[in-house]
Amino acid sequence: MKILFLNGPNLNLLGTRQPEIYGRDTLASIEASVQVRAQALGVSVEFRQTNDEGQLVTWIQQAKGVVHAIALNAAAYTHTSIALRDAIAAVELPVIELHLSNIHARESFRHHSMIAPVCRGQISGFGALSYILALEAAVNVNHLA
Ligand code: DQA
């Protein structure tokens, strides 16, 4: 089983970016802990980051038929991107929306997720643990109703 983790804009800055909100873990260290858990679960994980909305759309399109599920931290594009929403709807793959921070407890413009209606579910507010929880969800999502 293969799970694709996609990370959007500014997540390359994790570790130094507003650590009071996003924590001090870097994306590389989060990936390392996801890989450890993935190995224990016997699944393969690929991790990518881009600041480019179009690149995320392309990666989602290319994932169809190649991976079992996508764990997506679309970062700010969560709140703005109809293109990402359309790509998710088009590929008919289970997509787990994930966020480090609790977007519902922050500024009102973060309360709305453009992608939530086409994702299987949302994990938000657990810091780096959100990624591990997203992995667990992605691995088990096909067992759910
Ligand atoms: C984020 C939350 C978004 O609102 C924000 O734009 C991000 C990160 C999170 O992981 O908490 O860049 O997706």
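The following dialogue examines how terms such as buried, paired and core apply to this predicted model.

Colleague: What limits apply to the values in this model?

Modeller: The model is predicted, so local features need pLDDT of at least 70 and side-chain atom pairs count only at pLDDT 80 or more, while totals for chains, interfaces and linings use all residues. Residues are numbered from 1 along each chain as its sequence is written, and side-chain values use heavy atoms, with hydrogens and water left out.

Colleague: Why is Ala75 called buried?

Modeller: Buried means under 20% relative accessible area, exposed over 50%, and partly exposed in between, with a 1.4 Å probe and protein chains only. Ala75 has a relative accessible area of 12%, and is therefore buried. Ala75 is found in the loop between β3 and α4 (82-91). Helices (H or I, at least four residues) and strands (E, at least two) are DSSP runs, numbered from the N terminus.

Colleague: What is notable about the phi of Ala75?

Modeller: Ala75 has a positive phi of about 50 degrees although it is not a glycine. Most residues other than glycine have a negative phi.

Colleague: Which class of accessibility is given to Asn10, and which to Thr80?

Modeller: Asn10 has 33% relative accessibility, and therefore counts as partly exposed. Thr80 has 51%, and therefore counts as exposed. Asn10 lies in the loop between β1 and α1 (19-22) and has a positive phi of about 75 degrees, although it is not a glycine. Thr80 lies in the loop between β3 and α4. The C-alpha atoms of Thr80 and Ser113 are separated by 7.8 Å, with the two residues 33 apart along the chain.

Colleague: What makes β1 and β2 a pair?

Modeller: Two strands pair if DSSP finds at least two bridges between them. β1 and β2 are joined by 6 bridges and run parallel, so they satisfy that definition. Phe5 stands opposite Phe47 in β2. β1 and β3 also pair in the parallel sense, over 5 bridges, and there Phe5 stands opposite Ala71. β3 and β4 are joined by 3 bridges and run parallel; Leu72 has Glu97 in β4 as its bridge partner.

Colleague: Why are β2 and β5 called edge strands?

Modeller: The open sheet of 5 strands has the order β2-β1-β3-β4-β5, with parallel pairing. β2 and β5 (121-124) each pair on one side only, and are the edge strands. The twist averages 20 degrees from one strand to the next; axes are lines fitted to C-alpha atoms, for helices over the stretch in contact, and angles run from 0 to 180 degrees between N-to-C directions.

Colleague: How do you know that β3 is mostly covered?

Modeller: In β3, 5 of its 5 residues are buried. Ala69, Ala71 and Asn73 point one way and Ile70 and Leu72 the other way, and all are buried.

Colleague: How do you know that the buried residues of α2 line one face?

Modeller: The buried residues in α2 are Leu27, Ile30, Val34 and Ala38. Seen down the axis of α2, they fall within an arc of 75 degrees, so they line one face of the helix. The arc is that of the directions from the helix axis to the C-beta atoms. The face turned away from the buried side carries the exposed residues Ala28, Val36, Gln39 and Ala40. What covers the buried residues of α2 includes β1, β2 and α5, and Gly42, just after α2, takes a positive phi of about 75 degrees.

Colleague: What makes a set of residues a nonpolar core?

Modeller: A nonpolar core is a set of buried Ala, Val, Leu, Ile, Met, Phe, Trp, Tyr and Cys residues joined through side-chain atoms within 4.5 Å. The largest such core has 26 residues; Ile3, Phe5, Val34, Val45, Phe47, Tyr131 and Leu135 have the most contacts inside it. The elements that each supply at least two residues of this core are β1 (2-7), α2 (27-41), β2 (44-49), β3 (69-73), β4 (95-99) and α5 (129-140). Of these, α5 gives the most, with 6 residues. A second, separate core of 20 residues includes Leu6, Ala63, Tyr77 and Leu84.

Colleague: Which residues are in contact with Tyr131?

Modeller: Contact means heavy atoms within 4.5 Å. Leaving aside its neighbours within four places in sequence, Tyr131 is in contact with residues including Phe5, Leu27, Val34, Phe47 and Leu98.
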